[in-house]
Amino acid sequence: MTQETQKAGRRNLLKGAAVAASAMSVPMISTAQTTSWRFQSTWPAKDIFHEFAQDFAKKVNDMTGNRLKIEVLPAGSVVPAFQLLDAVSKGTLDGGHGVIAYWYGKSQAVALWGSGPAFGMDANMVLAWHNYGGGKELLDEIYGGLKMDVVSKLYGPMPTQPLGWFKKPVAKVEDLKGLKFRTVGLAVDVFTEMGLAVNPLPAGEIVPALDRGLLDAAEFNNASSDRVLGFPDVTKNCMLQSFHQSSEQFEVLFNKTKFNALPAEIKSIIEYATQAASADMSWKATDRYAKDYAEMQSKQGVKFYKTPDAILRAQLAAWDKVTSKKAAENPMFKRVMDSMRTFAQRSGRWQNDTDLDFKMAWNHYFAQKRS
C-alpha cells in the first residue's frame with residue numbers, strides 16, 4: 001500500500017466517523033410510510049360543522065407531516081349520518097366527526113354529554129368534567145358495554161343553542177303544545193314531555209321538512225349552520241336561548257383497532273391536535289356566528305327573540321321529570337348523572353362566584369348605540 005493510499009484511507013475513515021457522529025447528534029425522525037384514513041362527518045358539506053371536521057384533520061395531517069393523512073367526507077358519502085358509529089366500529093370507516101347525542105338510540109346515557117342543563121354547567125365546564133371529573137372513563141365504559149370498537153375524543157364547546165325556528169314567535173308554554181318539532185337526543189324526551197310531537201331528523205333533512213309542512217318548528221345549532229342550511233328561507237322567526245342543548249360538544253371517533261396500531265408519537269399528535277382544534281373551533285365560531293347573526297337580520301329580515309323565562313323553567317321541570325325516571329331505570333344513566341352533579345356543584349359554585357357579568361360592560365359601551 002502506498003503512502004498516498006494510506007492517507008486517503010485515513011481521510012475516508014475520519015470522514016465516516018464525522019458523519020456517524022453528526023447523525024448521532026440529531027433526533028431520530030420517523031420516515032414511516034404514509035397511512036391514509038377515511039373519515040366521514042355527520043354534517044352536510046356546506047355546514048360550518050363539516051369545516052370544523054376538516055380543520056381537525058388538517059391539524060393532524062400537518063403535525064404528522066402527512067405520515068397520517070385523514071380525508072374527511074360529508075354526511076352520506078359512505079353511510080347515513082346516524083350510522084356513523086357502527087361504520088367506524090366495524091372499520092367501514094377509519095373515523096368520523098359528529099356529536100354523541102346521535103347515539104341516543106344505543107345508549108340514552110350518552111346524550112347527557114350535551115343535552116339538557118347539565119346542572120348549570122356550560123359546554124366548556126362539561127368538557128372539564130369529561131376530562132378531569134370522570135366523564136371520559138364513563139363514556140369508555142359505555143362504548144365497551146356496547147361492544148363498539150371505537151376511541152372517542154370530545155372537543156369544541158358549543159355556544160348555547162337556540163330554542164329554534166318557528167312560524168311565529170312563542171310567548172308562553174302553551175304555544176308549544178302540539179307543534180311538530182325537530183330535535184335530537186334527550187331533548188326529544190324533554191320536548192315530548194312538554195307536549196310537542198318530535199321528529200329527530202338529521203341536519204340535511206330539517207329545512208325541506210319545514211318547507212313542506214312536515215314540521216312546524218325546528219332547531220339545529222347556531223347562526224352559521226342554520227343560515228347555510230336555509231332556515232331563513234322558510235321562516236323569519238328564531239327564538240334564542242334554551243336549556244335543551246346548552247352544553248354540547250363535538251366527538252371525533254376512531255376505529256379502536258386501527259388507532260391502537262398507530263405509533264405512540266402519532267397518538268400523542270392526535271391528542272394534542274384535538275385540544276388545539278377545540279380552541280380554534282371556539283375562536284372561529286365566535287367570529288363566524290356573530291357575522292351570520294348580524295347578516296341574517298340586516299340582509300334576510302330574520303327576527304330574533306329571547307325565549308321567555310316561563311318556557312326555560314318549563315324545560316328544567318320537564319328535564320327533571322324525564323331524567324329522574326331514566327335514572328331509576330338505568331344504572332349507567334344514574335352514574336353519569338351523579339358524576340356530573342358532583343362536578344357541577346363544585347365547579348359551578350366557583351364559576352358563578354368569580355365570573356363577571358360581561359353583559360353589563362357590553363351594555364355600557366354599545367346598548368345605547370343599537371338601532
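1. In which loop does N66 lie? In this predicted model, N66 belongs to the loop that runs between α2 (48-63) and β2 (68-73). The backbone there deserves a look, since the phi of N66 is near 65°, a positive value in a residue other than glycine. Most residues other than glycine have a negative phi. As for solvent, N66 has a relative accessibility of 33% and therefore counts as partly exposed.

2. A second residue can be read alongside N66. F119, which is not a glycine, has a positive phi of about 55°, and its place is in the loop between β3 and α4. With 32% relative accessibility, F119 is classed as partly exposed, because that class covers values between 20% and 50%.

3. Turning to the strands, S41 is found in β1, which spans residues 35-41. The relative accessible area of S41 is 0%, so this serine is buried, the cut-off being under 20%. Its side chain makes a polar contact with the side chain of H50, at 2.8 Å. Once neighbours within four places in sequence are left aside, the residues in contact with S41 are H50, A53, V72, L73, P74, A75 and H97; H50 thus appears both in this list and as the partner in the polar contact.

4. Strand β10, residues 250-255, is mostly covered, with six of its six residues buried. In a regular strand the side chains alternate between the two faces of the sheet. In β10, both faces are covered: F250, V252 and F254 are buried on one side, and E251, L253 and N255 are buried on the other. The charged residue E251 and the polar residue N255 therefore share a face with the nonpolar L253.

5. The pairing of β10 involves β3 and β4. Strand β3 (residues 95-98) is joined to β10 by four bridges, and the two run antiparallel; within this pairing, G96 stands opposite L253 of β10. Strand β4 (residues 150-155) is also antiparallel to β10, and six bridges join them. Here Y155 is the residue that stands opposite F250 in β10. Both L253 and F250 are among the buried residues of β10, on opposite sides of the strand.

6. What would a reader find at the periphery of strand β7, and how accessible is A197? A197 is found in β7, a strand of residues 197-198, and its relative accessibility of 41% is why it counts as partly exposed. Beyond its neighbours within four places in sequence, A197 is in contact with L179, K180 and F181. The C-alpha atoms of A197 and L179 are separated by 5.9 Å, although the two residues are 18 residues apart along the chain.

7. The largest pocket holds about 1900 Å³ of space. Its lining consists of 49 residues, and those nearest its centre are P159, T160, Q161, L240 and Q241. Several elements each supply at least two lining residues, namely α4 (123-132), α8 (223-229), β9 (237-240), α11 (264-300), β11 (303-306), α13 (331-354) and α14 (358-366). The largest share comes from α11, which gives nine residues. By residue class, the lining divides into 25 nonpolar, 16 polar and eight charged residues.

Technical notes
Residues numbered from 1 in each chain as written. Predicted model: local features only at pLDDT ≥ 70, side-chain atom pairs only at ≥ 80, totals over all residues. Heavy atoms only, no water. Buried < 20%, exposed > 50% of the residue type's maximum accessible area, 1.4 Å probe, protein only. Polar contact = N/O pair within 3.5 Å; in protein donor to acceptor, adjacent residues only side chain to side chain. Contact = heavy atoms within 4.5 Å. Pairing = 2+ DSSP bridges. 1 Å grid on protein atoms, 1.4 Å probe; cavity = no way out; pocket = protein on both sides within 12 Å on 5 of 7 lines; lining within 4 Å. Points joined across faces, edges and corners; volume = space filled by probe spheres on them.
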